[in-house]
Amino acid sequence: MSTATTAHGRSQHSPGDDVLVEVTGVKVHFPIKRGVVFDKTVGYVYAVDGVDLQIKRGETYGLVGESGCGKSTFGRALLRLEDLTEGTVIFDGVDVASLQGEELRRKRKDMQMVFQDPLSSLDPRQTVEALLLEGMNAHGLAKDKAAANKRLRELLSAVGLPAAALKKYPHEFSGGQRQRIGIARALSVDPKLIVADEPVSALDVSVQAQVINLLEDLQEEFGLTYLVVAHDLAVVRHISDRIGVMYLGSLVEESDADDLYAHPLHPYTRALMSAVPVPDPVVEDNRERIILVGDLPSPANPPSGCRFHTRCPWKQESKCDTDRPELRIVQIDGVPQGHRVACHYAEQIASGELQPHEVKAVATDQTGDSSDEAGSMFEPEKL
Ligand SMILES: Nc1ncnc2c1ncn2[C@@H]1O[C@H](COP(=O)(O)OP(=O)(O)OP(=O)(O)O)[C@@H](O)[C@H]1O
Ligand code: SF4
Ligand SMILES: [Mg+2]
């Protein structure tokens with residue numbers, strides 16, 4: 001849906017009330033500079049290259065894709081931590097790109113980020129109390145000492161830490177506890193949206209589930225909306241209501257989480273899914289296995305047409321390497337409404353009319369020059 005906005009960023013035709021974030025045609029391109037004196041731009045990294053999606057109030061949107069596909073850049077762009085090259089982000093009815101100075105600062109309260117590595121995102125010289133008070137003071141949420149103290153204790157209790165944690169420093173905690181502090185910090189300013197970028201990737205597996213459960217509990221308690229970025233399908237599946245699969249800067253598929261697992265339609269998603277082990281041994285022995293061949297192409301020189309065509313086992317002679325497929329709603333028997341796929345042949349692949357074929361690996365270097373040398377076999381399990 002296109003949304004016109006005024007010079008003040010107020011939306012004239014705001015999207016439905018149930019939509020908190022409306023992203024339209026978002027691109028983030030980083031210039032590649034060469035030369036000491038003139039700093040000449042010799043190209044661009046097309047980190048995010050055309051993303052359209054909506055995040056509904058109170059939902060968890062999971063964004064998944066292999067390393068370097070642009071997940072973090074997209075998350076940062078949502079919060080205006082990166083400038084958009086093109087496109088719009090309407091957050092709660094306001095065009096985020098139009099906000100400047102004080103308006104932007106105030107809006108930041110509503111959009112918080114939780115990072116992968118809490119140790120590097122928490123200032124080691126500050127106590128937990130100081131870390132939590134920082135945002136509250138900046139946004140006028142710690143009106144007096146008694147109120148601030150009460151709120152600090154509530155925050156710690158919400159994330160399952162004792163009040164004694166307030167006087168300690170980040171290095172005195174375990175990884176899981178530090179992530180709890182990172183989450184408390186994000187919560188301290190009472191946000192509407194939390195972008196959690198690989199929130200459990202740095203944690204032991206046993207601690208991952210606890211932090212995921214905590215995020216789910218907090219969502220219910222505080223009515224939060226999440227964008228959870230992860231390369232691990234298992235993490236995303238557990239927590240998400242809807243999932244977007246990203247490949248080289250754009251979405252290739254999006255649907256409700258259960259639907260995506262039941263009906264992965266895009267060849268890339270099918271390859272990702274085929275690498276996820278299934279607990280049932282009979283299903284495990286018979287399930288589809290697609291091993292992707294070749295490395296992820298460079299986002300500085302993405303392939304023409306469908307960006308996945310260099311690795312796609314279903315690639316066809318027509319259209320695949322010339323026309324970029326749009327992310328479109330597909331009508332396929334048994335597939336619920338609203339499932340979106342960016343593949344010219346989604347219907348024929350789903351029906352079995354088109355069958356996968358062998359893919360010859362193409363090695364692509366950073367400049368995008370390709371050769372016929374076999375690239376490394378890519379195990380989707382490792383993403
Ligand atoms: N500030 C920047 N300047 C230039 N290139 C950048 C910058 N930030 C990111 N990139 C490049 O943009 C691409 C996307 O990076 P991004 O960090 O968004 O990917 P990601 O999907 O989050 O990967 P990961 O799973 O490894 O975190 C990468 O090729 C990265 O090198
Ligand atoms: S458009 Fe072509 S290359 Fe791209 S995913 Fe579909 S079949 Fe594969
Ligand atoms: Mg990242």
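**The central sheet**

In what order do the eight strands of the open sheet stand? The order is E6-E7-E8-E3-E9-E10-E13-E12, and the pairing is mixed. Strand E6 (111-114) and strand E12 (328-329) stand at the edges with a single partner strand each, so one side of each has no neighbour in the sheet.

The model described here is predicted. In the protein, the secondary structure amounts to 12 helices and 16 strands.

**Pairing within the sheet**

At one edge, E6 and E7 run parallel and are joined by four bridges. Gln112 has Ile194, in E7, as its bridge partner. Elsewhere in the sheet, strand E10 (residues 250-256) and strand E13 (residues 340-341) run antiparallel, with two bridges between them. Glu254 has its bridge partner in E13, namely Arg340.

The residues of E6 point in two directions: Met111 and Met113 one way, Gln112 and Val114 the other, and all are buried. In a regular strand, side chains alternate between the two faces of the sheet.

**Helices on the sheet**

Helix H1 (71-78) lies across strand E3 (60-64), strand E7 (193-197), strand E8 (225-230) and strand E9 (242-247). The direction of H1 makes about 155 degrees with E8. Helix H6 (residues 175-187) also packs on the sheet, where it touches E6 and E7. Between the directions of H6 and E6 the angle is about 175 degrees.

**Surroundings of ligand 1**

Around ligand 1 there are 13 residues, of which Phe30, Ala47, Ser67, Ser72 and Thr73 come nearest. By class, this shell holds five nonpolar, seven polar and one charged residues.

Strand E2 (40-56) and helix H1 each supply at least two residues of the shell. H1 gives the most, with three residues. The helix that lies across E3, E7, E8 and E9 thus also contributes to the surroundings of ligand 1.

**Surroundings of ligand 2**

Ligand 2 has 14 residues around it, and those that come nearest are Cys306, His309, Cys312, Cys320 and Cys343. The shell of ligand 2 divides into nine nonpolar, four polar and one charged residues.

**The protein as a whole**

The protein has 383 residues, and buried residues make up 38% of them. Among contacts with a separation of 6 or more, 64% are between residues 24 or more positions apart.

Conventions. Residues numbered from 1 in each chain as written. Chains lettered and ligands numbered in written order. Predicted model: local features only at pLDDT ≥ 70, side-chain atom pairs only at ≥ 80, totals over all residues. Near = placed C-beta within 6 Å. Nonpolar A, V, L, I, M, F, W, Y, C, P; charged D, E, K, R; others polar. Pairing = 2+ DSSP bridges. Contact = placed C-beta atoms within 7 Å. Axes fitted to C-alpha atoms, helices over the stretch in contact; angles between N-to-C directions. Buried ≥ 20, exposed ≤ 12 C-beta atoms within 10 Å, placed from the backbone.
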